[in-house]
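Biologist: Please take me through this model slowly, and tell me at each step what earns a feature its name. I would like to see the value set beside the definition.

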Amino acid sequence: MKKTLIILLICLGNFGITQAQNESFKEDALKLTKLSNDAIEASFSQLYAMIPAENLDSFKKDLKPIMDTYYSKMAEMSMEYYSHEDVKQLLKFYESELGEKMLETQSKLAVKGMEMGQGLSMELMPLVQKYSK
C-alpha cells in the first residue's frame, strides 16, 4: 500500500512539473507568435480607418478576444514544430538588435510584398490568358 501511494505521489509530482513546463512553453510560444505577427497588427490600421471614430474603441474591444484566440491557436501550432528551447532561442533573437530591426521592418516588407504581388498578378494575367486558350 505504501509503495502504491509513493508511486502515485511521484506520478502526480511529475505530472505537475510537466504541466508547469508545458504552460511555460505555451507562454513563450504565445509571446513569439505575437512578436512575429506584428505585420497583422500593422494591417489593422487599415481596418481602423474604416471604422468611425466613435465606434473604434468598441471595435477594438470586440476584436481583442478574436485575436487572443487566433494567437493562442498560432502558438499551439508553433509548439508542434518547435521545441521549447527553439522558441526560447527565437525569442532571444527577436530581443536582439537585429531581431528588433527585423520586427520593425517586417510589416513594411509585408505591405510592399503584397503590392508587388498584386503587380505581378496583373503582369502575369495576359501571359496566363495567352496560354490558357
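Modeller: Let us start in helix α5, where a kink of about 35° is centred on T105. The model is a predicted one, in which local features need pLDDT of at least 70 and side-chain atom pairs count only at pLDDT 80 or more, while totals for chains, interfaces and linings use all residues. Residues are numbered from 1 along each chain as its sequence is written, and side-chain values use heavy atoms, with hydrogens and water left out.

Biologist: How do you know the angle of the kink in α5?

Modeller: The bend at a residue is the angle between axes fitted to the seven residues ending there and the seven starting there, and for the kink centred on T105 the value is about 35°. Helix α3 has a kink as well, of about 30° at K64, shortly before the proline P65.

Biologist: What makes α3 and α5 helices, and how many helices does the protein chain have?

Modeller: A helix is a DSSP run of H or I with at least four residues, a strand is a run of E with at least two, and both are numbered from the N terminus. The protein chain has 5 helices and 0 strands, in the order α-α-α-α-α from the N terminus on. Helix α5, for instance, has 35 residues, and 48 Å separates its first C-alpha from its last, close to the 51 Å expected.

Biologist: How do you know that the end-to-end distance of α3 agrees with its number of residues?

Modeller: The expected span is 1.5 Å times one less than the number of residues, so the 29 residues of α3 should span 42 Å, and with 41 Å between its end C-alpha atoms the two agree.

Biologist: Why are K26 and E76 called a salt bridge?

Modeller: The term asks for a side-chain nitrogen of Lys or Arg within 4 Å of a carboxyl oxygen of Asp or Glu, and K26 and E76 meet at 2.8 Å, N to O, so the pair qualifies. Since K26 lies in helix α1 (residues 2-36) and E76 in helix α3 (residues 53-81), the pair ties together parts that are 50 residues apart in sequence. Of the 3 salt bridges in the structure, another joins K31 to E95 at 3.1 Å, linking helix α1 to the loop between α4 (84-94) and α5 (97-131), 64 residues apart. D68 and K64 also form one, at 2.8 Å, but these two are 4 residues apart in helix α3, so about one helical turn separates them.

Biologist: Is E76 buried, partly exposed or exposed, and why?

Modeller: Buried means under 20% relative accessible area, exposed over 50%, and partly exposed in between (1.4 Å probe, protein chains only); at 41%, E76 is therefore partly exposed. K31 at 41%, E95 at 47% and D68 at 33% are partly exposed too. Buried residues make up 17% of the 133 residues in the protein chain, including L63, M67 and Y71 in α3 and G99 and L103 in α5.

Biologist: What makes the largest pocket a pocket, and which residues line it?

Modeller: On a 1 Å grid over the protein atoms alone, a pocket is an open set of points with protein on both sides within 12 Å along at least five of seven lines, and lining residues have an atom within 4 Å of a point. The largest pocket holds about 160 Å³ of space, a volume being the space filled by probe spheres set on the points. K34, E41, F44, Y48, K60, L63, K64, M67, D68 and Y71 line it, and the elements giving two or more residues are α2 (38-50) and α3. The largest share, 6 residues, comes from α3.

Notes. 1 Å grid on protein atoms, 1.4 Å probe; cavity = no way out; pocket = protein on both sides within 12 Å on 5 of 7 lines; lining within 4 Å.
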